[in-house]
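The report below describes a single protein chain, beginning with its strands and moving outward to the loops and the overall fold. Please read it beside the sequence and the coordinates.

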Amino acid sequence: MLLLLATIGLAADLVSKHIAFERVAGTPVHVLKSEVEAAVRTGGPAVAALIPPHEETRVIPGVLSFKLVLNTGAVFGAGQGKRWLFVVFTGVAFVFALWLFALRTDARDRVAHVAIALVLAGGLGNLYDRLRYACVRDFIHPLPGWRLPFGLRWPGGSDELWPYVSNVADKLLLIGIGVLLVVLWREDTAREPATPSA
C-alpha cells in the first residue's frame, strides 16, 4: 500500500506540473537546468524572468488560480539558491520516513502508512525537480487577490493574504506531516500512564 500510494502521489505531482507548464502561460514553458543555474548565479529576479509574463488562470475566482513560478528555495520561498541543502535534507527525510515505516508501525497502522506515503511522494516530487531542473516548478495559488487587513505586509513586502505559489508535492507533504503528527501525538497520549485517582 505504501509503495502504491507513494507512486500515485508522485505521478499526480509530476503530471500536474507538466500539464501546468504546458498550458497555463498560453504557450509551453520549458525549464532548462542550465538556464536556472545561470540565473541563480546572477541573482535578483533572473530566475523569475525565465517564466514569460502571463495572466493567472482563474480556476475558482477568489479561491484558486494557477500561476507559473520557479522556486529555487523551499516552503514559502525560504533559502533561495540553496538547492543542495534541500536535496540532502530530502534524502534524510526519506530515510527517516522509511525508518518510521519499518520500525514504528505495523500492518494495522494504515493511517500512518498513508501519511508516510504522502510524505515520500511529496519529497520525491520536489527532489526530482531540484535534480532535473535546479528548482521546483510551482503553479497552485490559493486565495488570489485577497489582501492582509489593516495595511499589514509580509516580510518580503507583499500585502496578499497568501502570496505563496506551490504544487501538488507541497500539498502532499503538508497533509502527510500533519497526519503523522496527529498519529504520533495520539500514540504518545495512549502510552501515558493513567493518573491515579485520590
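How many bridges join β1 to strand β2? In this predicted model, three bridges link β1 to β2, the latter spanning residues 64-71, and the two strands run antiparallel.

**The sheet**

Two of the residue pairs between these strands can be named: R58 has S65 as its bridge partner in β2, while T57 is partnered by F66, again in β2. The two strands form a hairpin with three residues between them, and in that turn G62 has a positive phi of about 80°. On its other side, β2 is joined to β3 by six bridges, and this pair of strands likewise runs antiparallel. One of the residue pairs here is formed by V69 and D138, the latter being the bridge partner in β3. Strands of a sheet pair through backbone hydrogen bonds, in either a parallel or an antiparallel manner.

Taken together, the three strands make an open sheet with the order β1-β2-β3 and antiparallel pairing. Because β1 (57-60) and β3 (136-142) each have a single partner strand, they stand at the edges, and one side of each is left without a neighbour in the sheet. From one strand to the next, the twist averages 40°.

**Residues of the edge strands**

The edge strands offer two residues whose surroundings can be described. I60 lies in strand β1 and, with a relative accessibility of 44%, counts as partly exposed, since that class covers values between 20% and 50%. Together with V59 and V63, I60 makes a nonpolar surface patch of about 230 Å².

R137, by contrast, has its place in strand β3 and is buried, because its relative accessible area of 6% falls under the 20% limit. Once its neighbours within four places in sequence are left aside, R137 is in contact with L14, K17, H18, F21, V31, V69, L70, Y128, D129 and N167. Among these contacts, V69 is the residue whose bridge partner in β3 is D138.

**Loops and backbone angles**

Is V29, in the loop between α1 (2-23) and α2 (33-42), buried or exposed? V29 is found in that loop and, at 8% relative accessibility, counts as buried. Apart from neighbours within four places in sequence, V29 is in contact with F21, L50, I51, P52 and L68. F21 also appears among the contacts of R137. Between V29 and A11, which are 18 residues apart in sequence, the C-alpha to C-alpha distance is 20 Å.

Most residues other than glycine have a negative phi. Two non-glycine residues with a positive phi are nevertheless present, namely A134, at about 65°, and F150, at about 60°. A134 is found in the loop between α4 (110-133) and β3, whereas F150 lies in the loop between β3 and α5 (168-191). Their accessibilities place them in opposite classes: A134 counts as buried at 6%, while F150 counts as exposed at 81%, a value over the 50% cut-off.

The relative accessibilities of the residues discussed above are gathered here.

| Residue | Relative accessibility | Class |
|---|---|---|
| V29 | 8% | buried |
| I60 | 44% | partly exposed |
| A134 | 6% | buried |
| R137 | 6% | buried |
| F150 | 81% | exposed |

**The chain as a whole**

The protein chain contains five helices and three strands, and from the N terminus on these elements follow one another as α-α-β-β-α-α-β-α. Its C-alpha atoms fill a box of roughly 65 × 40 × 30 Å along the principal axes. Of the 198 residues, 35% count as buried, and the chain exposes about 12,000 Å², of which carbon and sulfur atoms supply 68%.

What share of the contacts with a separation of 6 or more comes from residues 24 or more positions apart? Such residues account for 66% of those contacts in the protein chain.

Technical notes: Residues are numbered from 1 along each chain as its sequence is written. This is a predicted model: local features need pLDDT of at least 70, side-chain atom pairs count only at pLDDT 80 or more; totals for chains, interfaces and linings use all residues. Side-chain values use heavy atoms; hydrogens and water are left out. Two strands pair if DSSP finds at least two bridges between them. Helices (H or I, at least four residues) and strands (E, at least two) are DSSP runs, numbered from the N terminus. Axes are lines fitted to C-alpha atoms, for helices over the stretch in contact, and angles run from 0 to 180 degrees between N-to-C directions. Buried means under 20% relative accessible area, exposed over 50%, partly exposed in between (1.4 Å probe, protein chains only). Patches are made of residues with over 30% relative accessible area and no salt bridge: like charges are joined within 9 Å, nonpolar side chains (Val, Leu, Ile, Met, Phe, Trp, Tyr) within 5 Å. Accessible areas come from the Shrake-Rupley method with a 1.4 Å probe; for residues, only the protein chains shown count as cover. A salt bridge is a side-chain nitrogen of Lys or Arg within 4 Å of a carboxyl oxygen of Asp or Glu. Contact means heavy atoms within 4.5 Å.
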